[in-house]
Amino acid sequence: MQVHDAIRTKRAVRQFSDKPLPAEAVEAILNAGRRAQSSKNTQPWRFLAIQERETLEKLGYRGEQRTHFADAALGVLILTPDPTDKPSILFDAGQAAAYMQLAGWEEGVGSCIFSIREPEKARNVLGFSADWHAGIAISFGYPQDAGELTDAPEKGGRLPYDEVVHHERWKS
């Protein structure tokens, strides 16, 4: 798959099949995040990969219409140091997230960003230390409707290029 095609067709997938991900796909996804660029190559992230159904369900907010994490074949928490004094850490973590999602898409795996609303609950469930912060996670899995991968038109609802991109100076 060409990068341009992946960017053009990638969309959030929130309904997953029960099919587990092979170890090779999980490794490809996590390795893509590990290879993401970061400010001064600091790599200010750690990834917590979760495949146990019980753990995914504990973190997945069942009953709040946000079940994609609970139903995922793989959940990945992106942990960072405290970003308060260095907001670029969040940009770096976002790049790692994007790389993982694109690697998954190439493998035929859908994904969706998941906000960690209860970081202390996540810490208690997963056991990561207080010097790591959990703000976002990503759910991964094969789409319940396989057509989401192959029938993906150019993303709808996008603002026109000329409204988003300004050259040299801001134009109204």
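How many bridges join strand S2 to strand S4, and in which sense do the two strands run? I opened the notebook with this pairing, keeping in mind that the model is predicted. I counted 7 bridges between S2 (residues 74–80) and S4 (residues 133–141), and the two strands run antiparallel. To fix the register I looked up glycine 75, whose bridge partner in S4 is serine 139.

**Entry: the rest of the sheet**

I then turned to the other pairing of S4, and found that strand S3 (residues 110–115) pairs with S4 over 6 bridges, again in the antiparallel sense. Here I took isoleucine 113 as the reference position, and noted that isoleucine 138 of S4 stands opposite this residue. Taken together, 4 strands form an open sheet in the order S1-S2-S4-S3, with antiparallel pairing. The edges of this sheet are strand S1 (46–50) and S3, each of which pairs on one side only. For the twist I noted an average of 25° from one strand to the next. I also looked for a helix packed on the sheet, and recorded that H2 lies across S1, S2 and S4, at about 165° to S1.

**Entry: the chain as a whole**

I stepped back to place these strands in the chain, which has 7 helices and 4 strands. Read from the N terminus, the elements run α-α-β-α-β-α-β-α-β-α-α. The radius of gyration is 17 Å, close to the 16 Å that the globule rule gives for 172 residues, so I put the chain down as being as compact as a globular protein of that length. The C-alpha atoms fill a box of roughly 50 × 45 × 30 Å along the principal axes. Of the 172 residues, 40% count as buried. I also checked how far apart in sequence the contacting residues are: among contacts with a separation of 6 or more, 75% come from residues 24 or more positions apart.

**Entry: the nonpolar cores**

In soluble globular proteins, nonpolar side chains tend to be buried together. I therefore asked which residues of the largest nonpolar core, a set of 17, touch the most other members, and the list reads Leu21, Ile29, Leu74, Ile78, Met100 and Phe140. As for where the core comes from, helix H2 (23–34), S2, helix H4 (88–106) and S4 each supply at least two of its residues. H4 gives the most, with 4 residues.

From that list I followed leucine 74 in detail, setting aside its neighbours within four places in sequence. Its contacts include Leu21, Val26 and Ile29, then Ala49, Ile50 and Gln51, and also Ile138, Ser139 and Phe140. I noted a second core, separate from the other, that has 13 residues, among them Ile50, Leu59, Phe114 and Ala122.

**Entry: the salt bridges**

How many salt bridges does the structure hold? I found 3, and took them in sequence order, looking up the accessibility of each partner.

In the pair formed by arginine 8 and aspartate 5, the side chains meet at 3.7 Å, N to O. Both residues lie in helix H1 (residues 3–9), 3 residues apart, or about one turn of the helix. Arginine 8, at 29% relative accessibility, counts as partly exposed, and aspartate 5 is also partly exposed, at 31%.

Glutamate 54 and lysine 58 meet at 3.5 Å, N to O, and are 4 residues apart in helix H3 (residues 53–59), which again puts about one helical turn between them. Glutamate 54 counts as exposed, at 54% relative accessibility, whereas lysine 58, at 39%, counts as partly exposed.

For glutamate 120 and arginine 123 I noted a distance of 3.2 Å, N to O. These residues sit 3 apart in helix H5 (residues 119–126), separated by about one helical turn. Is arginine 123 buried or exposed? At 13% relative accessibility, arginine 123 counts as buried, because the cut-off for burial is under 20%. Its partner glutamate 120 counts as partly exposed, at 47%.

Notes: Residues are numbered from 1 along each chain as its sequence is written. This is a predicted model: local features need pLDDT of at least 70, side-chain atom pairs count only at pLDDT 80 or more; totals for chains, interfaces and linings use all residues. Side-chain values use heavy atoms; hydrogens and water are left out. A salt bridge is a side-chain nitrogen of Lys or Arg within 4 Å of a carboxyl oxygen of Asp or Glu. Buried means under 20% relative accessible area, exposed over 50%, partly exposed in between (1.4 Å probe, protein chains only). Two strands pair if DSSP finds at least two bridges between them. A nonpolar core is a set of buried Ala, Val, Leu, Ile, Met, Phe, Trp, Tyr and Cys residues joined through side-chain atoms within 4.5 Å. Contact means heavy atoms within 4.5 Å. Axes are lines fitted to C-alpha atoms, for helices over the stretch in contact, and angles run from 0 to 180 degrees between N-to-C directions. The radius of gyration is taken over C-alpha atoms; the globule rule is 2.2 Å times the number of residues to the power 0.38.
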